[in-house]
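Welcome, and thanks for taking a look at this one with us. Below is a short tour, grouped by topic, to read alongside the structure.

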Amino acid sequence: MSRLIVVSNRVSVPKARGAAGAQGGLAVALGSALRERKGMWFGWSGEEVDEFTGHLNLQNIDGVTTATIDLEAQDVEEYYNGYANRSLWPLFHYRVDLAEYRSDFGKGYERVNERFAQTLGPLLEEDDLIWVHDYHLLPLGERLRAGGAENKIGFFLHIPWPPRNLLVALPFHERLVLTMLQYDLIGFQDEESVDSFLAYCRKELGADVDEDTGRVDYRGRSVSVRSFPIGLDYEEFLEGGKSGASRQAEQRMLSSSRHRKLIIGVDRLDYSKGLPEKFDAVGRYFDENPHRVKETLFVQVAPPSRQDVTTYQQIRETLEQKAGQINGARSEVDLVPIRYVNRGYPRQELFGFYRAAHVGLVTPLRDGMNLVAKEYIAAQDEEDPGVLVLSRFAGAAEQMDDALLVNPYSMEEVSRAIGQAIEMPLDERRDRWEKLNEVVATETVEKWRQNFVDALAGG
Ligand code: ADQ
């Protein structure tokens, strides 16, 4: 069996299943694939050095080799904070207004991709399968090919691929997409992204595109383009839900909400997650249902992220203001309708919070998939499940149309859906939950990585 080489911006050292420590499903799934195939995980260490040396930090943890490199401060500023998070992230989440294009960002991005390729290239063996992840490394496959790699190379994008009309706002968009045609397999989260990518290739590049099979032929190269919706490590997540930490978190939430109907939101603090719009919709629900204020509690958990980028600092202030305004107008000495918590929690505790909540409110303005929606469903009590209100603009909506799907830009619609969720009869809640849980339990992260690796190996 050929080795699997996973490449991503950051490397999350995978522990064996069940080992202590907060591990995302992705790290666990990739970890088990790497263990099986005696593979290696390559990426940036997260450390900054004065001068790039290409020195490899090699570790072997539970049969998985991780190889990381340190980057220069300028690399981090231009490649990571710059091109990845200030140019590509906003544009790919349809925020053309927030995207910044600077030539130093673009140069830094190309330089770091080249540095990745130059350090990784010599480690490759002839029949290694290479799996590159996410928007930080779009051109890596092409850089590896330029260094002589003839391996099968696949790429998976965790965020949405934007429509052609938006992508063309990116300077040198053509050059970027052309580098991607050096992959053998390109995976997206949903069909919408696949369609957008194929339309771009056909209309902007004049490539030969077969919409039915997702094959793109261009100047002698042939690339397969498909959707591979990511899922949860379902068993592991449920197992965590049986822990003391999880039970205590649920009890804490239930007793502190004192029989009020709990609405929960859990999102990284990011403008793509639609948090100000969500707060406005909750405020509107309270305005339209004043008698419900005393019976309802909205808890939003949102840990800060990417604080080196200004737009991320601004959103934090906006939310503090909004939460203050909504609470200021409606609080009593013993009652505060919104609790806004600016920190993350271990997954086991999140499980308890989800389970205590009558409504899961997941309303990103755009999202590649959104695993919180799936975690909320997985955590419910099958006898008395809560209701998921989900943005139609999350990749998850393609698979989860038994949720109450909403347009997150419409306060009216979200407010109405909150009301419908809170009042939904038990039969309907069970019926919807069963269908949703079926999807979440079967379309797991294990299946996702297996499908991708099989397609790469066999294609
Ligand atoms: P993210 O944008 O980070 O990921 P998401 O999928 O919602 O978005 O969350 C990933 C994980 O972070 C979840 O397991 C969640 O529990 C955790 N998380 C979120 N908020 C948290 C909090 N307050 N405390 C602790 N943990 C929290 C990107 C894409 C997504 C895509 C994933 C995976 O943007 O669209 O689903 O990658 O491909």
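R258 sits in the loop that joins helix 9 (244-257) to strand 11 (261-266). Please keep in mind as you browse that this is a predicted model. From that loop we move on to other backbone spots, then to the ligand, a helix and a strand residue.

**Loop residues worth a look**

- R258 is a residue other than glycine, yet its phi is positive, near 45°.
- With a relative accessibility of 49%, R258 is classed as partly exposed, because exposed would need over 50%.
- F172 is another non-glycine residue with a positive phi, about 60° in this case.
- You will find F172 in the loop between helix 5 and helix 6.
- F172 has 60% relative accessibility and therefore counts as exposed.
- R292 belongs to the loop between helix 10 (275-288) and strand 12 (296-301).
- Is R292 buried or exposed? Its relative accessible area is 18%, so R292 is buried, the cut-off being under 20%.
- Setting aside residues up to four places away in sequence, R292 touches Y285 and E423.

**Around the ligand**

- The ligand has 23 residues around it, and those that come nearest are H158, P303, D367, M369 and E375.
- By class, this shell is made up of 11 nonpolar, 5 polar and 7 charged residues.
- Helix 12 (347-356) and helix 13 (371-378) each contribute at least two residues to the shell.
- H158 places a polar side-chain atom 2.7 Å from an oxygen atom of the ligand.
- Backbone atoms take part as well: a polar one of G368 is 3.1 Å from a ligand oxygen, and a polar one of N370 is 3.0 Å from a ligand oxygen.
- How much of the ligand does the protein bury? Taken alone, the ligand exposes 710 Å², and the protein buries 82% of that.

**Helix 7 and its surroundings**

- Helix 7 covers residues 191-205, which makes 15 residues.
- At 1.5 Å a residue, helix 7 should span 21 Å, and its end C-alpha atoms are 20 Å apart, so the two values agree.
- Which residues of helix 7 are buried? They are S193, V194, S196, F197, L198, A199, Y200, C201 and L205.
- As a reminder, an α-helix has 3.6 residues a turn, so residues three or four places apart point the same way.
- The cover over the buried residues of helix 7 includes helix 5 (164-167) and helix 6 (173-180).
- Strands also help to cover those buried residues, among them strand 7 (185-188), strand 8 (208-210), strand 9 (215-218) and strand 10.
- Just after helix 7 comes G206, which has a positive phi near 70°.

**V223 in strand 10**

- V223 is part of strand 10, which runs over residues 221-227.
- V223 counts as buried because its relative accessibility is 1%.
- Apart from its neighbours within four places in sequence, V223 is in contact with L181, Y183, D184, L185, I186, G214, R215 and V216.
- How far from V223 is L120 in space? The C-alpha atoms of V223 and L120 are 22 Å apart, with their positions 103 residues apart in sequence numbering.

Note on methods: Residues numbered from 1 in each chain as written. Predicted model: local features only at pLDDT ≥ 70, side-chain atom pairs only at ≥ 80, totals over all residues. Heavy atoms only, no water. Helix = DSSP H or I, 4+ residues; strand = E, 2+ residues; numbered from the N terminus. Buried < 20%, exposed > 50% of the residue type's maximum accessible area, 1.4 Å probe, protein only. Contact = heavy atoms within 4.5 Å. Near = heavy atom within 4 Å. Polar contact = N/O pair within 3.5 Å; in protein donor to acceptor, adjacent residues only side chain to side chain. Areas by Shrake-Rupley, 256 points an atom, 1.4 Å probe, with all protein chains shown as cover. Nonpolar A, V, L, I, M, F, W, Y, C, P; charged D, E, K, R; others polar. Expected span 1.5 Å × (residues − 1).
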